[in-house]
Amino acid sequence: VVLTRNVIGRITTPPPLLPPPPHIRQLSSDILPWNMSSKKLSSGHTVEAVEGEELEELKRLFPGQMIKNGLIRLQPNGWFFQSDYIKFGDKLYNFKLYPTDVILMTYPKCGTTWTQELIWTLRNNPDLNNPLADKPFEERVPFLEADSLGHSHLLDTMASEGTNPQVELLSQVNPEADWRDGVNWQLAEAVQHPRTIKTHLPLELMPKDLLNTTKVVYVCRNPRDCIISWLHHNRLMKGMSFAGTLDQFIDLFLKEKWIYAPYSTHINTAWKLRDNPNLLFLFYEDLKADILGQLKKLNNFLGTNRTEEQLKNVASHSSFPEMRKRSYESKGLKVGQASDRYNKEVHDKDGGFFRKGETGDWKEKLTPAQIATIDRYVQEKLPDFPFKYSV
Ligand code: A3P
């Protein structure tokens, strides 16, 4: 059934939304099994609640709604998530994959959005004539674990008001699906094959057979630029509204206590598997330095057999200015207008989601002391990792 559903082709006749639950505001706590301190997940990880002063400090630093349900660590490795992850972890670990799937895996802010456009266009739109290319990313490249990112309160309210496009989309592609069980993983399940699916989950939390079943493209970015971009994202998004300083953010990143941490283990596990024929390890900096060369690698890896001309199409369609322009247009905005998910002052001062799209911004933003602090972490945790700091 899943294989024959076509998400994108059926969006014109939406069935009505599911009726909202009676007590919308309480929904999140109803569906999330909070009392999970001894819970063992299918991945073998144990859940540990973030509590006390550590939690209070994070709540002060991130006054947005996204950590309202609490935070957890998964042991071993201390994978850091919103508590909402508990509800979805087993579903994600047992997510059914197919040989035609491509999984795009990254630590946040390492070039996910760019690479997802590169892969989707390479696979589906090499002549730039596919009308589905205008569809938003959620429809073309579902974000596997997005349900676990503390959005449930937004989803509850928006769905009750009938204004959540993802809930609407899910009800179109799978009328039997209940959005309260999570929208994004169910969208990922239902989209048309061959699927391209995006995740920031580390390999440890993905299905055990991932690399025996499907292809994985892993993109890494140097930690100095990653920190700058991740800080911006956390300030920009209303759900997080980071209110601290750059020093405080660096400290959280290096002490591995913010969502998706630890960066070091995330990239190191993928790096160790770089010779696996089903994993392609890419660097953001290489994409910036030589996009055609990197597209050739992707073309070989995915077996897409595109011509040089088609690779050039993919590169120009996915360039920073083009993607930035389309991202505003897709929301009916002019370039430079904020979306309602953004903190407007941050957007107007420092840029939107498509902020700069360069490598080496750390040279302007980090002091020598901050660089030294980051380098100490790298030396300790990733001593032999061949980071690239400029192009
Ligand atoms: P900056 O904040 O440094 O500008 P992700 O998609 O993983 O969240 O990564 C976001 C980073 O990739 C942001 O970096 C963003 O501007 C950059 N980016 C997005 N699209 C890009 C593109 N087409 N080319 C280059 N960089 C891009």
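These are my notes on the ligand site and one cavity of a predicted model.

**Ground rules.** I number residues from 1 along each chain as its sequence is written. In this predicted model, local features need pLDDT of at least 70, side-chain atom pairs count only at pLDDT 80 or more, and totals for chains, interfaces and linings use all residues, while side-chain values use heavy atoms and leave out hydrogens and water.

**Ligand.** I looked up which residues surround the ligand, that is, have a heavy atom within 4 Å of it. There are 18, and the closest are Thr112, Thr113, Ser229, Lys356 and Gly357. I then checked polar contacts (pairs of N or O atoms within 3.5 Å). Polar side-chain atoms of Thr112 and Ser229 lie 2.4 Å and 2.6 Å from an oxygen atom of the ligand. For Tyr284, the partner is a nitrogen atom of the ligand, at 2.8 Å. On its own the ligand has 560 Å² of accessible area, and the protein covers 98% of that (Shrake-Rupley method, 1.4 Å probe).

**Helices.** I noted that H4 (112-124) and H16 (320-329) each supply at least two residues of the shell; a helix here is a DSSP run of H or I, at least four residues. H4 gives the most, with three.

**Cavities.** I searched the whole structure and found three cavities of 30 Å³ or more. A cavity is a set of points on a 1 Å grid over the protein atoms alone where a 1.4 Å probe fits but cannot get out; its volume is the space filled by probe spheres set on the points, joined across faces, edges and corners. The second largest holds about 50 Å³. Its lining (residues with an atom within 4 Å of a point) includes Tyr328, Lys331 and Phe353.

Technical notes:
On a 1 Å grid over the protein atoms alone, a cavity is a set of points where a 1.4 Å probe fits but cannot get out, and a pocket is an open set with protein on both sides within 12 Å along at least five of seven lines; lining residues have an atom within 4 Å of a point. A polar contact is a pair of N or O atoms within 3.5 Å; within protein, one must be able to donate a hydrogen and the other to accept it, and residues adjacent in sequence count only if both atoms are side-chain atoms.
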